[in-house]
Amino acid sequence: MKVAKFGGSSLADAAQFRKVMDIIRAEKERSVIVVSAPGKRTPGGHKVTDMLYLTHQLATIDMGGNEVFSSIAERYLTIRDALGLAYPLERDLEEVKRRIFAGASADYAASRGEYLSAKLLAAALNFHFVDAAKIIRFDESGSLDLPTSLALTAEVLKEGHFVVPGFYGAKENGDIVTFSRGGSDITGSILAAALHAPVYENWTDVSGFLAADPRIVNDPKPIEVITYEELHELSYMGAQVLHEDAVYPAHHAGVPIHIRNTNAPNEPGTRIVPKKEDSPRIVTGISGKNGFMLVHVEKRHAAGDSGFLRRLVSVFEANGCAVEHMPSSIDTVSVIVREDPFRSKQKKILEEISIFCEPDAIAVEDYITLLAVVGEGMAKRAGVAARLFTALGKAGISVRMILQGASELNIIIGVAKDDFAKAIGALYREFFKEEL
């Protein structure tokens, strides 16, 4: 059985519901469906989840909220009537309203968007509705209990066709707990892992991931296949892809994820796989993010001082400033840190480095951007670094630092913030120019 998750844009109105129903019916293997709450109907509209949060907030401070909830009810009833369903949704809406105004938690209120979407879609498809509160378990601290969730899912969704609301689960006592926003992706991943699905389809409003940021590169190429490791590298470096929490259950179970477009179901999308049989491309994608600083610490014969690096790192750790990367040479270590936490304690950190490490010199370099060139194919091809530096050199971009891990999965470079967009464009042209 395939697990298919449909996001809020895929369920924004009755027309989108029909597209979803056509996709599900096109393949009988799509038998476990996870849904989000309806998203925006128009660019200036509102998501149902935001409206539910507002209803709860107004009810909590005794400022009404009836008008907002009436708008929510109108959206669902309009969808139901347009689909020609006889399902008595008014009963569910009344119960949700009663509980919110009786003091239910914000998590309960927010979760009802997915709950009502699932009720409607189950009725439209004649599938079984399964409340996520029965199979997605959170512990008393509010953290996901993944082993219990996997076991409950495998037990409840044995055979048949099901619609499950995403985004939430429950503690053992029944209290509703939500994931962070976008949590329906996590629900789908958990269900796919529990059922050992051949694929977890994640249907949204884009046709997969792109090789570079379209705000920087005009019409970048789509990524048709990417490994979980490549995805992690690109995500860490700022690419807008699936959240790590949404990937982990499926990744751990070895289930491929297929990102597809509800509005263009015939497009190939992006497949996320445990491993590629072959890497036809040298580079899979390019991403980057701003907001870093370099702290250069110079000390003669630092490489021979067995405690130098430990003392240096401990200064940053004691000040709550995480070290992102740390390239080094014989006498110099360059510590890469995020700008925001470092700036507030810069004077203190530099003073402590001087005391504990006794360096010959310390220099700070501001406004650094980190770029990642990611691809499994780089490990098998000679000359990738040469092409990278040549491309940046031709564009007049100075490289401030370079890192490459032992896996040769990616090359990370640091450039000045002002060169961010120009560097992304130069690297994209170099490694994707054969298709331009």
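**Exercise 1.** Locate F167 in this predicted model, and determine whether F167 is buried or exposed.

*Solution.* Step 1: F167 is found in the loop that runs between β4 (162–165) and β5 (168–170). Step 2: the relative accessible area of F167 is 2%. Step 3: a residue is called buried under 20%, and F167 is therefore buried.

**Exercise 2.** State what is notable about the phi angle of F167.

*Solution.* Step 1: most residues other than glycine have a negative phi. Step 2: F167 is a residue other than glycine, yet its phi is positive, near 85 degrees.

**Exercise 3.** Describe the phi angle, the location and the accessibility of D219.

*Solution.* Step 1: D219 is not a glycine, but its phi is positive, at about 55 degrees. Step 2: D219 belongs to the loop between β7 (200–204) and β8 (225–227). Step 3: the relative accessibility of D219 is 64%. Since exposed means over 50%, D219 counts as exposed.

**Exercise 4.** Explain why C321 forms no bond with C357, and state how many disulfides the structure holds.

*Solution.* Step 1: a disulfide is a covalent bond between the sulfur atoms of two cysteines. Step 2: the cut-off for such a pair is within 2.5 Å. Step 3: the cysteine sulfur closest to that of C321 belongs to C357 and lies 14 Å away, which is too far for a bond. Step 4: C357 is likewise in no disulfide. Step 5: the structure holds zero disulfides.

**Exercise 5.** Determine whether C321 and C357 are buried or exposed.

*Solution.* Step 1: C321 has a relative accessibility of 3% and counts as buried. Step 2: C357 has a relative accessibility of 0% and counts as buried.

Methods: Residues are numbered from 1 along each chain as its sequence is written. This is a predicted model: local features need pLDDT of at least 70, side-chain atom pairs count only at pLDDT 80 or more; totals for chains, interfaces and linings use all residues. Side-chain values use heavy atoms; hydrogens and water are left out. Buried means under 20% relative accessible area, exposed over 50%, partly exposed in between (1.4 Å probe, protein chains only). Helices (H or I, at least four residues) and strands (E, at least two) are DSSP runs, numbered from the N terminus.
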